[in-house]
Amino acid sequence: MQLVTIFLGFVVFGISENIKGPAIPRIQLSFNLDEGQLGTLLSLNALGYLLACSFTAILVRKWGIKAVTIISFASMVLSGVLIYLSHSYPLFTSSYFLMYIGNGMLEIGLAILGARIFVKNTGMMMNLSHFFYGLSSTVAPLLATGVMSLSVFGHMLDWRGMYLVMLSLCLLPILSALRSTFPGDDLPNEDRTSFRTLTRDPALWMMVMILSFGVVSELAVGGWLVNFLEKAYAWDTVRASGLLSAFFLLFSLGRLLLGALTDRIGFVLSLIIFSCFSAVCTFAALAGGERLAFLFALSGAGIAIIYPTVMAFIARRYPNGSDTAITFVVTLMGLGSVIGNYIIGWVIESVKAFYGSTTELGLLRGLQAGYGFIGLCAAVCSLSGIVLYVYLKRRQELI
């Protein structure tokens with residue numbers, strides 16, 4: 001039941017985060033939103049996520065991980081009901097915000113659950129659980145499109161009904177969580193590693209560096225790859241989207257097939273090798289031009305390992321303080337990823353201006369520089385891993 005809760009949790013987490021794509025145009029039409037209002041709506045994602053990060057670990061210590069996990073699932077079911085009933089924009093935005101708070105609580109809660117339960121083959125199990133997130137993220141837009149076109153008793157579900165149906169899937173992991181018992185809640189407070197002790201550990205700060213740069217490199221691909229291929233190589237949308245789908249496919253397969261290697265060769269060494277592989281693929285794809293564009297997709301297999309392996313490292317290094325450590329690292333990672341995407345945009349515009357903003361060469365060089373920054377993030381992730389490896393090796397604390 002513990003495994004069912006975690007795996008189902010990652011499935012519904014991936015669904016809830018990725019059903020918005022097909023729904024956004026319909027939401028915009030329903031409420032007559034301009035682009036600025038739409039941007040504000042989507043920014044609730046980051047705001048709700050960061051707000052959830054600020055209090056989830058506190059709730060875990062007060063109420064226990066089982067209660068917090070059930071609450072996070074229940075809040076998402078409730079948000080689905082409220083979205084279905086929302087026919088005014090203020091009620092809809094409030095409901096949407098509640099969904100993202102539940103999303104943030106769920107991400108922290110699932111990471112803590114994994115850290116407590118996966119005491120053997122930690123790297124493999126962390127990567128396997130995150131594979132379910134990748135799998136559901138891949139099919140979520142297709143599912144959302146299909147559900148929106150369904151009619152129930154002669155009534156078209158549309159986007160409101162789709163959110164109700166898809167978020168109601170969170171009832172399934174609630175049932176398995178109710179039948180489960182989770183370790184760690186009975187640990188006395190005096191035995192828990194304090195926040196002050198954690199923040200004095202240089203290894204934790206290096207993990208923040210590794211995860212922040214790794215996640216920027218991971219998430220930026222979804223936002224920039226299609227744009228790069230269309231404008232730099234004049235690909236049509238179908239062909240460019242196909243390569244992005246290949247990236248996500250290799251990303252998911254990387255977690256499924258390569259996760260077991262992290263336990264064998266070590267977590268820190270895995271972070272170094274796989275992030276370096278992703279960086280090399282990205283730089284080679286840029287240098288080789290259109291004929292090596294397939295390497296953009298191949299880079300997904302390497303960068304996929306970073307997040308779950310960092311979670312596995314934290315679970316192993318801080319067994320009595322994993323909830324606090326995970327919250328601390330993931331919160332700073334969230335801030336770092338927001339800053340990283342702004343930097344990519346700034347790099348593109350700066351290089352375009354240098355070569356000529358209105359010229360084709362300026363656009364090409366700008367896009368290459370921006371995507372080069374994505375590869376650079378993977379390279380910095382690998383270099384940070386080397387620093388961490390040397391630090392832990394000297395202290396004989398290598399994991």
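**Exercise 1. A charged pair**

Are aspartate 201 and arginine 317 buried or exposed? Work it out on this predicted model, then describe how the two side chains meet.

*Solution.*
Step 1. Recall the cut-off: buried means under 20% relative accessible area.
Step 2. Arginine 317 has 18% relative accessibility, so arginine 317 counts as buried.
Step 3. Aspartate 201 is buried as well; the label holds for both residues.
Step 4. Now look at the side chains. Aspartate 201 and arginine 317 form a salt bridge, with 3.0 Å from N to O.
Step 5. Place the partners. Aspartate 201 sits in the loop between helix H9 (195-199) and H10, while arginine 317 sits in helix H14. They are 116 residues apart, and the pair links distant parts of the chain.

**Exercise 2. From one bridge to a network**

Which residues are linked with Arg317 in a network of salt bridges?

*Solution.*
Step 1. Start from arginine 317 and find glutamate 397. Their side chains meet in a salt bridge of 3.1 Å, N to O.
Step 2. Locate glutamate 397: the segment after helix H16 (360-394). Arginine 317 and glutamate 397 are 80 residues apart, so this pair, too, links distant parts of the chain.
Step 3. Check the cover. Glutamate 397 has 27% relative accessibility and therefore counts as partly exposed.
Step 4. List the contacts of arginine 317 beyond four places in sequence: Asp201, Ala203, Leu392, Glu397 and Ile399.
Step 5. Assemble the network. Its members are Asp201, Arg317, Arg395 and Glu397.
Step 6. Set this against the total: the structure holds eight salt bridges.

**Exercise 3. A bridge within one helix**

Where do glutamate 349 and lysine 352 lie? Compare their accessibility.

*Solution.*
Step 1. Both residues are in helix H15. Three residues separate them, about one turn of the helix.
Step 2. They form a salt bridge, and their closest N and O atoms are 3.8 Å apart.
Step 3. Glutamate 349 has a relative accessible area of 48%, so glutamate 349 is partly exposed.
Step 4. Lysine 352 has 16%, so lysine 352 is buried.

**Exercise 4. A threonine in helix H15**

What lies 2.8 Å from a polar atom of the side chain of threonine 327?

*Solution.*
Step 1. Find threonine 327 in helix H15 (residues 322-355).
Step 2. Its relative accessibility is 9%, so threonine 327 counts as buried.
Step 3. Search around its side chain. The backbone oxygen of aspartate 323 is the atom at 2.8 Å.
Step 4. Look further along the chain. Leaving out residues up to four places away, threonine 327 touches Cys53, Ala57 and Ile108.

**Exercise 5. Core and surface**

Which residues touch the most other members of the largest nonpolar core? Then find a nonpolar patch on the surface.

*Solution.*
Step 1. The core has 126 residues. Ile27, Tyr163, Leu229, Phe296 and Met311 touch the most other members.
Step 2. Ask which element gives the largest share. Helix H10 (residues 202-232) does, with 16 residues.
Step 3. Pick tyrosine 163. Beyond four places in sequence, its contacts include Ile19, Ile27, Ile83 and Met99.
Step 4. Turn to the surface. Leu78, Val81, Tyr84 and Leu85 form a nonpolar patch, with about 330 Å² of accessible area together.
Step 5. Check one member. Tyrosine 84 belongs to helix H4 (residues 65-85). At 32% relative accessibility, tyrosine 84 counts as partly exposed.

Note on methods: Residues numbered from 1 in each chain as written. Predicted model: local features only at pLDDT ≥ 70, side-chain atom pairs only at ≥ 80, totals over all residues. Heavy atoms only, no water. Patch = residues over 30% accessible without salt bridge, like charges linked within 9 Å, V, L, I, M, F, W, Y side chains within 5 Å. Areas by Shrake-Rupley, 256 points an atom, 1.4 Å probe, with all protein chains shown as cover. Salt bridge = Lys/Arg side-chain N within 4 Å of Asp/Glu carboxyl O. Helix = DSSP H or I, 4+ residues; strand = E, 2+ residues; numbered from the N terminus. Buried < 20%, exposed > 50% of the residue type's maximum accessible area, 1.4 Å probe, protein only. Core = buried A, V, L, I, M, F, W, Y, C linked by side-chain atoms within 4.5 Å. Contact = heavy atoms within 4.5 Å. Polar contact = N/O pair within 3.5 Å; in protein donor to acceptor, adjacent residues only side chain to side chain.
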